[in-house]
Amino acid sequence: MALLTAHNLKLGYEGKTVVDGLKFTVNSGDYLCIVGENGSGKTTLMKTILHLNTPLSGKIETGEGLKSSEIGYLPQQTEVQRDFPASVWEIVLSGNLGHCGLRPFYTKKEKAAAKDSIEKMGITELSKRCYRELSGGQQQRVLLARALCATTKMLLLDEPVSGLDPSVTAEMYDLIYKLNKDGITVIMISHDIDAALKYATHILQIGKDIFFGTRDEYLKSGAPGLFSQKGEEKL
């Protein structure tokens, strides 16, 4: 059974439709990249998967016992969030909040999960540092470690390399790819079509032109979103 299935989704807000007719399936171990122009509904879709938004029509179903509390989420950062005055350890540990319910403390298992996530992201030496003092790349590793605390099944990543320099961007993509190869299903919003075609197993293009299929099917389709009239990437 599929891990996540979208059935004829119509998404929008305040009665305004942003995208209509979305149908796609995500199986365990997939790496799905969602591409499309600004305002096409990519973040709205991701929030709908997380049950933060309600579709105008259609539905999303999960399988294999996946719960929304078991999905790790790395949203786009705001300037206020970048200046958050907490330690790396506190931020990563807070990724377990979805498992705590009303319990006002973390268990040994949750603390061990945070420690393991920090080690996977290679930021052990930053554990006691204040988050606001870190570089952009270090902050993204912290937030990815936090998202990992919530899941062993699925990560949702909204533009995880936004604002990072090329070398740090490459490092982040490699980390995400390794997590996927280790068994975590990845759904990532990206404007970087080169990266999408390099790492993803499947592509979902949304907006005026909708496409869902494997990476190779996307390349063969000549999807309108691949290139602008000037031959430049526009996703």
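Hi everyone, let's start at Thr-151: if we skip its neighbours within four places in sequence, Thr-151 is in contact with Glu-70, Ile-71 and Gly-72, where contact means heavy atoms within 4.5 Å. Before I go on, this is a predicted model, so to speak of a local feature we need pLDDT of at least 70, side-chain atom pairs count only at pLDDT 80 or more, and totals for chains, interfaces and linings use all residues. Residues are numbered from 1 along each chain as its sequence is written, and side-chain values use heavy atoms, with hydrogens and water left out.

Back to our threonine. Thr-151 sits in the loop between α6 (136-149) and β6 (154-158). Those labels are DSSP runs numbered from the N terminus, with helices being H or I of at least four residues and strands E of at least two. Is Thr-151 buried or exposed? Thr-151 is buried, at a relative accessible area of 7%; buried means under 20%, exposed over 50%, and partly exposed in between, with a 1.4 Å probe and protein chains only. Its side chain reaches two backbone atoms: the oxygen of Glu-70 at 2.6 Å and the nitrogen of Met-154 at 2.9 Å.

Now for the helix that comes before that loop, α6, and its partners. Two packed helices are described by the angle between their axes and the distance between the axes. With α5 (residues 108-120), the axes come within 9 Å and cross at roughly 140 degrees. Axes here are lines fitted to C-alpha atoms, for helices over the stretch in contact, and angles run from 0 to 180 degrees between N-to-C directions. That makes α5 oblique to α6; under 35 degrees counts as roughly parallel, over 145 as roughly antiparallel, 65 to 115 as roughly perpendicular, and the rest as oblique. The crossing of α5 and α6 is right-handed, meaning that the near helix is turned clockwise from the far one, while anticlockwise by less than a right angle would be left-handed.

Who meets whom there? On the α5 side we have Ala-113, Ala-114, Ser-117, Ile-118 and Lys-120, and on the α6 side Ala-145, Leu-148 and Cys-149. The residues of this contact divide into six nonpolar, one polar and one charged. For that split, Ala, Val, Leu, Ile, Met, Phe, Trp, Tyr, Cys and Pro are nonpolar, Asp, Glu, Lys and Arg are charged, and the others, Gly among them, are polar.

The other partner is α7 (166-181). At what angle do α6 and α7 pack? The angle is about 15 degrees, with the axes 10 Å apart, and that makes α6 roughly parallel to α7. From α6, the contact draws on Gly-137, Gln-140, Arg-141, Leu-144 and Leu-148, and from α7 on Val-168, Glu-171, Met-172, Leu-175, Ile-176 and Leu-179. The split for α6 with α7 is seven nonpolar, two polar and two charged.

Last topic: backbone angles. Most residues other than glycine have a negative phi. Glu-64, in the loop between β4 (57-62) and β5 (71-74), has a positive phi of about 55 degrees and is partly exposed at 43%. Glu-159 lies in the loop between β6 and α7, with phi near 50 degrees, and is buried at 12%. His-51, which follows α1, has a positive phi near 65 degrees. As for α1 (residues 42-49), six of its eight residues are buried, among them Leu-45 and Met-46. Thanks, everyone!

Key:
Polar contact = N/O pair within 3.5 Å; in protein donor to acceptor, adjacent residues only side chain to side chain.
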